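User: I should like to go through the reasoning behind several descriptive terms used for this model. Please set each value against its definition.

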Amino acid sequence: MTTEEGGSLDFIREIVERDIREGKHEGRVHTRFPPEPNGYLHIGHAKAICTDFGIAREYGGLCNLRFDDTNPVKEDVEYVESIKQDIRWLGYDWEDRLYFASDYFEQMYRYAEELIRKGVAYVCDLSPEEVRRYRGTLTEPGKDSPWRNRPMEENLDLFRRMRAGEFPDGSRTLRARIDMASPNINMRDPAIYRILRRSHHRTGDSWCIYPMYDYAHCLEDSIEGITHSFCSIEFEDHRPLYDWFLDRLGIFHPQQIEFARLNLTYTVMSKRKLGMLVEEGVVSGWDDPRMPTLSGLRRRGVKPEAIRDFVNRIGLAKRDSNVDMALLDYCIRDDLNRRCTRIMGVLDPLKVTIENYPEDGTEELEFINNPEDENAGTRMVPFSREIFIEREDFQEEPHRKFKRLAPGREVRLRYAYLIRCVDVEKDSDGRITGLVCTYDPGTRGGNAPDGRKVGATIHWVSAPHAVVADVRMYDRLFKVENPLAEEDLLSTINPDSFRIIEGCMLEPASAGAGNGYTVQFERKGYFCKDPDSTEARPVWNLTASLRDTWKRILDRE
RNA sequence: UGGCGGGUCGUCCAACGGUAGGACAACGGACUCUGGAUCCGUUUAUUGGGGUUCGAAUCCCUGCCCGCCAGCCA
């Protein structure tokens, strides 16, 4: 899919390889990831991060982390640290190349004066409302600002006085002098600087004018010697402007290359919409395990390897897409399957008394920690006369395809014994309260000496040794594939996306897990110990359930 | 109906004038001390119409459809 030999390259890597081959920029590859510190990173950003940092790594280049902090109204330090943490967690390193657009404010200002001296920028006194009217529409050309032909010296003087704080906010702008009739609206004399008295998270009150994105971004790239500047499709229209500034100034000229951003089914990806879910209390926070944020995925128990694998699999192209959430789920399971220790966890406990087992008897049985990883070793798990099994692993009147426990039927307790159900205990309402079984002492470890087969192997936990825990079950946040297509986003929320199961019974080995540790509860799924855990009450989050063939059988009928 | 970009299996990505392929999903089977995992197999696609060519997903023309753009946001 990408760089493996035999696989095809995406269009961006094709460009990069061609540039290296042709010796452009002396064969140098230098990219950057330029987040605005105004929110938390999500899996869409992971695609950009893996592209920016990943391509630099693949081609022996460098990738800078640069915060694009040109608008103090929206930005805050609070986000800087979380963004850095998420990028590191994903597995990338900017070494000593941490930059801020605000580091270049002075340089940007000098370049602006240069544009004025070259006669290609002017101070405009139009109000925001007037600017809008002068701009024209998609189908009609704009009109020249009456201030467009101001003498150069006057522009320079006015711009210096803008910086000096002589004019109120919004009263003037510095504009590029391009073409008010351009069919590309971005080229209709776009603003370069606005007057804005707002304290900046890094420069404080030293500036009352701030550069606009289109002007600032190409300069940031140029100053840092970026060779390939990747961004999303909506900036395609801005590329002529990116090139225009650099050409007027005659400075180092990186190449902007646009690719399609990630969309995922059953979720939304915009900071604004995700923020709304947080504010409305639909989710518990930016790191709610249902959120597509990196912090949410991390809390859910997803590992960075799974995300990187996912990004490699979705490819890189320019067309709009809506990637199936099932692919992400697959990557998560595939990764966890290889790495996770298996433990026993009974989510919906049903007590089983093994009547022919010694009253106070206890023994330890050997369990394989991870069948997918020989090096993971084994551990000892306690067994006793009273155990819990999953309530759904017993059917009093078994469905014709049901292979597990039923009256008179024998099943295997994983790595333990074959047991047979001899009696069903019920309360006055007829609800099953427990089972009575017998075990075959000769089947210790799980195999019958006579070679007889059983229909199923089920998981279990010794009752006196069980650790009681809360398990939080998560499902997709939205009921529909494309929530954005719906008129009311909140009405498409999946009401079953979160369910808490109290009183789950886990095997004692689970007690040793630290927060953030992910295990497989055999036959159920992958679960991650949540930081909300206390000594008395551990909390586990469902990361991903195991494929459930039984459920499919039922669904089909 | 201005400009820019894009339309290939259900989904995502390949094929760069020469047999439309992979992954996920779905379906069927094998195997199994997880109804997990694994393995095998099956189904399904070039936006319509014209051209150029021995040969077109690919080049040309022309429709159709989708996305983005009218912040002193990024």
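Analyst: Contact here means heavy atoms within 4.5 Å. The model is predicted. On that basis Trp286, apart from neighbours within four places in sequence, is in contact with Tyr40, Lys271, Leu274, Gly275, Val278, Met291, Thr293, Ser295 and Gly296. Trp286 itself sits in the loop between α9 (271-279) and α10 (294-300).

User: How many residues apart along the chain are Trp286 and Tyr40, and what separates their C-alpha atoms?

Analyst: Trp286 and Tyr40 are 246 residues apart along the chain, yet 7.4 Å separates their C-alpha atoms.

User: Why is α11 called oblique to α12?

Analyst: The axes of α11 and α12 cross at roughly 135° and come within 9 Å. Angles under 35 degrees count as roughly parallel, over 145 as roughly antiparallel and 65 to 115 as roughly perpendicular, with the rest oblique. The crossing angle therefore makes α11 oblique to α12. The crossing is also right-handed.

User: Which residues make the contact of α11 with α12, and how do they divide by class?

Analyst: From α11 come Glu305, Ala306, Asp309, Phe310, Arg313 and Ile314, while α12 supplies Leu327, Leu328, Tyr330, Cys331, Ile332, Asp334, Asp335 and Arg339. Eight of these residues are nonpolar and six are charged, with no polar residue in the contact of α11 with α12.

User: What makes α2 roughly perpendicular to α11?

Analyst: The axes of helix α2 (residues 43-58) and α11 come within 10 Å and cross at roughly 75°. The range for roughly perpendicular is 65 to 115 degrees, so α2 is roughly perpendicular to α11. Ile43, Ala46, Lys47 and Cys50 of α2 meet Ile307, Arg308, Phe310, Val311 and Ile314 of α11. The contact of α2 with α11 has seven nonpolar, two charged and no polar residues.

User: How do you know that Ser8, Asp320 and Arg342 make polar contacts with RNA strand B?

Analyst: A polar contact is a pair of N or O atoms within 3.5 Å. An N or O atom in the side chain of Ser8 is 2.7 Å from a sugar or linking oxygen of RNA strand B. For Asp320, a polar side-chain atom lies 2.9 Å from a sugar or linking oxygen of the strand. A polar side-chain atom of Arg342 lies 2.5 Å from a base oxygen of RNA strand B. Each pair therefore falls within the cut-off of 3.5 Å.

User: Which elements give two or more residues to the surface near RNA strand B, and which gives the most?

Analyst: The elements are α5 (128-134), β6 (191-195), α11 (304-314), α12 (325-339) and α13 (549-556). With five residues, α13 gives the most.

User: How do the residues of that surface near RNA strand B divide by class?

Analyst: They comprise 23 nonpolar, 19 polar and 27 charged residues. Of the 69 residues around the strand, those that come nearest are Glu14, Arg342, Gly445, Arg523 and Thr549. Of the atoms of RNA strand B within 4 Å of the protein, 65% belong to sugar or phosphate and the rest to bases.

Terms used
Residues numbered from 1 in each chain as written. Chains lettered and ligands numbered in written order. Predicted model: local features only at pLDDT ≥ 70, side-chain atom pairs only at ≥ 80, totals over all residues. Heavy atoms only, no water. Near = heavy atom within 4 Å. Polar contact = N/O pair within 3.5 Å; in protein donor to acceptor, adjacent residues only side chain to side chain. Helix = DSSP H or I, 4+ residues; strand = E, 2+ residues; numbered from the N terminus. Nonpolar A, V, L, I, M, F, W, Y, C, P; charged D, E, K, R; others polar. Axes fitted to C-alpha atoms, helices over the stretch in contact; angles between N-to-C directions. Left-handed = near helix turned anticlockwise from the far one by under 90°.
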